[in-house]
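The following account leads the reader through the charged pairs and the cysteines of one protein chain. The sequence and the structure are shown first.

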Amino acid sequence: MNTTLVPEILAPAGDTDSFLAAIAAGADAVYCGLKNFSARMEAENFSLAELAGLTELAHSKGVRVHVAMNNLLKSPELDQAGRLIHRLARQVQPDALIVQDLGLPDLARQAGFTGELHLSTLANGGTIAGLPLIASLGVHRLVLPRELSIDEIKAIAAHCPEELGLEVFVHGALCYAVSGRCYWSSYLGGKSGL
């Protein structure tokens, strides 16, 4: 049982100003999205060139950078996503990639990404039975769904494999939906449910 609790301030950044503010405010890590394959498509998000400079600054201050590629991919998008991850790994070198699609950990490794892999809250990985599968994918951290109670979180933590860390939101988005249940909206309306 992994009983080490290490609080981390992980701040979202949808644009350059919020990224810089997170660093200035003392965040341990910043998470952000790219112009493609991010569930937060209404945010400004970052190009690879913008993010490369900001990541260099963050790393110089001891701040980690997590890049969210946390939407589900359709088959025709796999090649494009693989090329983007390859360029991300080479040009930006983020510390972690946050994914929802269970095929992305393998795709990320094939594309040369060597950082940590975090499974997004959108993957709805909040069951004890799913923990071994998640760990087998090479995922380093599971971001638990916001809908879990303290007792459910404790139960998951008690059964969590040593190699898998857990992340819990203490303050989340103003989302009133259930994590991981918005894939259908990409077909219905052509946009992410986020």
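Glu116, with a relative accessible area of 25%, is partly exposed. The model in which this residue is seen is a predicted one. The partner of Glu116 is Arg64, with which Glu116 forms a salt bridge whose closest N and O atoms are 3.1 Å apart. Glu116 belongs to strand E5, residues 116–119, and Arg64 to strand E3, residues 64–69, so this pair ties together parts that are 52 residues apart in sequence. Arg64 has a relative accessibility of 24% and therefore counts as partly exposed.

Side chains of opposite charge can pair when their charged atoms come close. In this model the count comes to three salt bridges. Beyond the pair just described, Glu8, Arg141 and Glu167 are linked in a network of salt bridges.

Within that network, Arg141 forms a salt bridge with Glu8, and the closest N and O atoms lie 3.0 Å apart. Arg141 is in strand E6, residues 141–143, whereas Glu8 is in the segment before strand E1, residues 10–13, so the contact ties together parts that are 133 residues apart in sequence. How do the two partners stand with respect to accessibility, buried or partly exposed? Arg141, at 16% relative accessibility, counts as buried, because the limit for that class is under 20%. Glu8, in turn, has a relative accessible area of 30% and is partly exposed.

Arg141 also takes part in a salt bridge with Glu167, where the closest N and O atoms are 2.9 Å apart. Glu167 lies in strand E7, residues 165–167, and Arg141 in strand E6, so this pair ties together parts that are 26 residues apart in sequence. Glu167 counts as buried, at 14% relative accessibility. The network thus joins Glu167, which is buried, through Arg141, which is buried as well, to Glu8, which is partly exposed.

The cysteines remain to be considered. How many disulfides does a search of the whole structure find? The search returns zero. A disulfide would require a pair of cysteine sulfur atoms within 2.5 Å, so the result of zero means that no pair of cysteine sulfur atoms meets this cut-off. Cys32 counts as buried, with a relative accessibility of 1%. Cys160 is buried too, its relative accessible area being 6%.

Technical notes:
Residues numbered from 1 in each chain as written. Predicted model: local features only at pLDDT ≥ 70, side-chain atom pairs only at ≥ 80, totals over all residues. Heavy atoms only, no water. Buried < 20%, exposed > 50% of the residue type's maximum accessible area, 1.4 Å probe, protein only. Salt bridge = Lys/Arg side-chain N within 4 Å of Asp/Glu carboxyl O. Helix = DSSP H or I, 4+ residues; strand = E, 2+ residues; numbered from the N terminus.
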